[in-house]
Structure formats: C-alpha cells, structure tokens
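This report introduces a protein structure to a reader who has not met it before. It treats the pairing of strands and then one part of the surface.

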Amino acid sequence: SIRDSACPENIVEGGARKYLTKEWMNSLRVSFSWKRGVHLRTVGAVRDKTLSVERVKPPVVVGVPEQPERFVWTYSSIVETRGVPLTDHLVIVLRTPEGKVVARVAARM
C-alpha cells in the first residue's frame, strides 16, 4: 500500500511538497528485482492481480489552506519465485518518467 504523508521536519526538503495525485501515481514506473548480497537481477514474471484506490480525508490543520484529495493505493502482484532461494530479497522500485527513484522497498520471502 502507498500512502501520502509528509516527510519528517528534520529531512532537508528537495523542493515543493508534492501530493500523490492520480495523475502523478499513474505516471510512475515500477520494477521488481531479486537481490542477493549487493547483486540485483530482474524478476522473471510479474502479473498484476489487483489495484484499489481509497480516498482518505486529509487532517484539518489550522492556518493551512485546503489540501488536495488524498488517497491510499493498494497493489497486489504475483511474482514468479520458482528457483529463487529463500535468502533472496524482493526489491520494488518506483521511478518517475525521468528515471528518478521516488520509492524503494526490499522484502524478505
């Protein structure tokens, strides 16, 4: 699941606050890789199973103008695991159309 939330205040901002609008989320590209040590290899087969988008009411903050709509995106995919050792990690990367990494997560099987 992907949620829209502000970064902690102690992180240096890299520009204006971006909200996860439908248009921006639709522009992102996802890639799946298997990681063993420091080596990455592309996942053989990935099938999308489900996608749901749920509207979330943003918190009311005094003195802050109305915020754009906020959502939670929940994706479910089937990843081919045949021949993949249990010690490998699944790495999922989201990139902008320009190739900038906006999210990276690794999960153990």
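In this predicted model, strand 1 pairs with strand 5 (residues 70–79) in the antiparallel sense, over two bridges. One residue contact can be named here: I2 has W73 in strand 5 as its bridge partner.

This pairing belongs to an open sheet of three strands, arranged in the order 1-5-4 with antiparallel pairing. Strand 1 (2–3) and strand 4 (46–56) are the edge strands, each of which pairs on one side only.

A further antiparallel pairing links strand 6 (residues 89–95) with strand 7 (residues 101–108) through seven bridges. Within it, I92 stands opposite V105 of strand 7. The two strands form a hairpin with five residues between them, and G99 in this hairpin adopts a positive phi near 95°.

The two pairings described by their bridges are set out below.

| Strands | Sense | Bridges |
|---|---|---|
| Strand 1 and strand 5 (residues 70–79) | antiparallel | two bridges |
| Strand 6 (residues 89–95) and strand 7 (residues 101–108) | antiparallel | seven bridges |

The surface also carries a nonpolar patch, formed by L51, V53 and Y75, whose accessible area together is about 290 Å². Of these residues, V53 lies in strand 4, an edge strand of the open sheet. V53 counts as partly exposed because its relative accessibility is 42%, a value between the limits of 20% for buried and 50% for exposed. As a general background, side chains in a regular strand alternate between the two faces of the sheet.

Notes
Residues numbered from 1 in each chain as written. Predicted model: local features only at pLDDT ≥ 70, side-chain atom pairs only at ≥ 80, totals over all residues. Heavy atoms only, no water. Pairing = 2+ DSSP bridges. Helix = DSSP H or I, 4+ residues; strand = E, 2+ residues; numbered from the N terminus. Patch = residues over 30% accessible without salt bridge, like charges linked within 9 Å, V, L, I, M, F, W, Y side chains within 5 Å. Areas by Shrake-Rupley, 256 points an atom, 1.4 Å probe, with all protein chains shown as cover. Salt bridge = Lys/Arg side-chain N within 4 Å of Asp/Glu carboxyl O. Buried < 20%, exposed > 50% of the residue type's maximum accessible area, 1.4 Å probe, protein only.
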